[in-house]
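Visitor: I am new to protein structures, and I would like to learn how to read one. Could you walk me through a strand and its surroundings?

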Amino acid sequence: MNKNTVKAFIVAIAMVCTSNLTSFAGTTNDEATASVKTKISQVSKSLSFNIWVENVASKKVVVLVVDADKNEIYREYISPKDAKFAKTLDFSNLNDGKYTIEVVSSNVDVIDSKTFEIKTNQTVNRDIVVAIR
C-alpha cells in the first residue's frame with residue numbers, strides 16, 4: 001500500500017469514530033425516557049394480567065391499579081436501575097367493577113394503561129323431572 005492509501009484509511013477511521021461519539025453525546029434524557037416500552041395483557045381469559053416494562057432509564061416509573069372512583073388498589077415502584085420489570089397481577093379477589101392498570105412516569109405522564117371490568121355471571125339451570133307411574 002502506498003502512503004496516500006494509508007492516510008485515507010486512517011482519516012476514514014477517524015471520521016467514523018468521531019461521528020459515533022457525536023451521536024452518542026447527542027442522546028438527551030428526554031430521548032431516553034421516550035424509549036420506555038410497556039405491555040399489559042390479559043392471561044388467557046383469566047382474572048390475571050401480565051405487565052412488562054423495559055428501558056426505564058432515569059425516570060421513576062410506577063405501576064398503579066385504580067378502581068372506577070380512582071381509589072388506589074395497588075402500587076409498585078420500578079427502580080431506574082431495573083432494566084426489565086415483569087409481574088403477573090391476579091384480580092380474582094376483587095369485587096365486580098371497572099378497574100384500570102396504569103404505567104405512570106414520575107412526572108405523572110401515563111405511559112400505558114388498560115381498563116377492564118370484572119362481572120360475575122350466574123347461570124340458572126332449570127330441570128324438569130317426570131315421575132314414572
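Visitor: How many bridges join S3 to strand S6, residues 97-105?

Guide: This is a predicted model, and in it 7 bridges join S3 to S6, with the two strands running antiparallel. To see one place along this pair, find Val 65, which stands opposite Ile 101 in S6.

Visitor: In which sense do S3 and strand S4 pair?

Guide: S3 and S4 (residues 72-78) pair in the antiparallel sense, over 6 bridges. Look at Val 66: its bridge partner in S4 is Glu 72. The hairpin of S3 and S4 has 4 residues between the strands, and Lys 70 takes a positive phi near 70 degrees there.

Visitor: What should I know about the two faces of a strand?

Guide: Start with the general idea: in a regular strand, side chains alternate between the two faces of the sheet. Now the case here. S3 covers residues 61-67, and 7 of its 7 residues are buried. On one side are Val 61, Val 63, Val 65 and Asp 67, while Val 62, Leu 64 and Val 66 are on the other; both faces are covered.

Visitor: Where do nonpolar side chains tend to go in soluble globular proteins?

Guide: They tend to be buried together. In this model the largest nonpolar core has 18 residues, and those with the most contacts inside it are Ile 51, Val 53, Phe 91 and Ile 101. The elements giving two or more residues to this core are strand S2 (48-54), S3, strand S5 (84-90), S6 and strand S7 (110-118).

Visitor: Which residues does Ile 51 touch, not counting residues up to four places away in sequence?

Guide: Among them are Val 63, Phe 85, Leu 89, Ile 101 and Val 103.

Visitor: Why is Ser 48 counted as buried?

Guide: Buried means under 20% relative accessible area. Ser 48, which lies in strand S2, counts as buried because its relative accessible area is 13%. Leaving out residues up to four places away in sequence, Ser 48 touches Ser 41, Gln 42, Val 43, Thr 88, Leu 89 and Asp 90.

Visitor: And where does Ser 35 lie?

Guide: Ser 35 is in the loop between helix H2 (29-34) and strand S1 (37-42). With 31% relative accessibility, Ser 35 counts as partly exposed. Beyond its neighbours within four places in sequence, Ser 35 is in contact with Glu 54 and Asn 55. Try comparing sequence with space too: Ser 35 and Val 56 are 21 residues apart in sequence and 7.9 Å apart in space, C-alpha to C-alpha.

Definitions and conventions:
Residues are numbered from 1 along each chain as its sequence is written. This is a predicted model: local features need pLDDT of at least 70, side-chain atom pairs count only at pLDDT 80 or more; totals for chains, interfaces and linings use all residues. Side-chain values use heavy atoms; hydrogens and water are left out. Buried means under 20% relative accessible area, exposed over 50%, partly exposed in between (1.4 Å probe, protein chains only). Two strands pair if DSSP finds at least two bridges between them. A nonpolar core is a set of buried Ala, Val, Leu, Ile, Met, Phe, Trp, Tyr and Cys residues joined through side-chain atoms within 4.5 Å. Contact means heavy atoms within 4.5 Å.
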